[in-house]
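Dear colleague,

Please find below the sequence and structure that I am handing over to you. My notes on the findings follow directly after.

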Amino acid sequence: MKVSATLPDIRTEGDIKTLVDTLCSKATNDTLLGARFGAAARIHWPHYLTTQYRYWSSTLLGQGTQEGEPLPEQLALPTSGPHIEHWVQLFSSAVEECFSGSKAEEAKKLARQMATRLSMSRNRELPVD
């Protein structure tokens, strides 16, 4: 009889790092979003990742301060349509791959809200060069 382990909930800074790293890996290797993330290589990835860790740690764990925009414009994601919806799906997939519980559900809800805010606040699609 095979016993499957229950996934942990998001509780620690290490969990946040796992979530962000999993999402970035999925996005950079994704057929729809990979080119946009690749074009964003001009940003300093360690700084970007640190900003993401701080944002999600602050938002989900109440630790630190919310510094930086969770999806900075340097990522060149559009404001609506299939790309942003696909990002939300990738985010949810990253959460579900690694975590289960109330904080995991909260993270997915916050990602959907973030996508809605971005689609309402950004009025142009950024170029990918």
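Leaving aside its neighbours within four places in sequence, which residues is Cys24 in contact with? They are Trp45, Tyr48 and Leu49, where contact means heavy atoms within 4.5 Å.

Before the details, a note on the basis of these values. The model is predicted, so local features need pLDDT of at least 70 and side-chain atom pairs count only at pLDDT 80 or more, while totals for chains, interfaces and linings use all residues. Residues are numbered from 1 along each chain as its sequence is written, and side-chain values use heavy atoms, with hydrogens and water left out.

Overall architecture

The chain has five helices and zero strands; helices (H or I, at least four residues) and strands (E, at least two) are DSSP runs, numbered from the N terminus. From the N terminus on, the order of elements is α-α-α-α-α. Of the 129 residues in the chain, 46% are buried, a term that means under 20% relative accessible area, with exposed meaning over 50% and partly exposed in between (1.4 Å probe, protein chains only). Among contacts between residues at least 6 apart in sequence, 75% join residues at least 24 apart.

Helix H1 against helix H3

Two packed helices are described by the angle between their axes and the distance between the axes. Here, axes are lines fitted to C-alpha atoms, for helices over the stretch in contact, and angles run from 0 to 180 degrees between N-to-C directions. The axes of H1 (residues 13-28) and H3 (residues 45-61) come within 9 Å and cross at roughly 125°. That angle makes H1 oblique to H3; angles under 35 degrees count as roughly parallel, over 145 as roughly antiparallel, 65 to 115 as roughly perpendicular and the rest as oblique. The crossing of H1 and H3 is right-handed, in the sense that the near helix is turned clockwise from the far one by less than a right angle, whereas anticlockwise would be left-handed.

On the H1 side, the residues that meet H3 are Glu13, Ile16, Lys17, Val20, Asp21 and Cys24. Their counterparts in H3 are Trp45, Tyr48, Leu49, Gln52, Tyr53, Trp56, Ser57, Leu60 and Leu61. By class, the residues of this contact comprise ten nonpolar, two polar and three charged; Ala, Val, Leu, Ile, Met, Phe, Trp, Tyr, Cys and Pro count as nonpolar, Asp, Glu, Lys and Arg as charged, and the others, Gly among them, as polar.

Helix H1 against helix H4

H1 also packs with H4 (residues 81-98), their axes coming within 9 Å and crossing at roughly 130°. H1 and H4 are therefore oblique to each other, and H1 passes H4 in a right-handed crossing. From H1, the contact involves Thr18, Leu19, Thr22, Leu23, Lys26 and Ala27. From H4, it involves Trp87, Leu90, Phe91, Ser93, Ala94, Val95, Glu97 and Cys98. Nine nonpolar, three polar and two charged residues make up the contact of H1 with H4.

Individual residues

Cys24 lies in helix H1 and is buried, with a relative accessible area of 10%. Its C-alpha is 9.2 Å from that of Ala94, although the two are 70 residues apart in sequence. Cys98 is likewise buried, at 15% relative accessible area. The count of disulfides is zero, a disulfide being a pair of cysteine sulfur atoms within 2.5 Å.

Ile84, found in helix H4, counts as buried at 2% relative accessibility. Ile84 and Met114 are 30 residues apart in sequence and 10.0 Å apart in space, C-alpha to C-alpha.

Leu7 lies in the segment before H1 and is partly exposed, with a relative accessible area of 34%. Not counting residues up to four places away in sequence, Leu7 touches Glu96, Glu97, Cys98, Phe99 and Ser100. The C-alpha atoms of Leu7 and Glu97 are separated by 8.4 Å, with their positions 90 residues apart along the chain.

With kind regards
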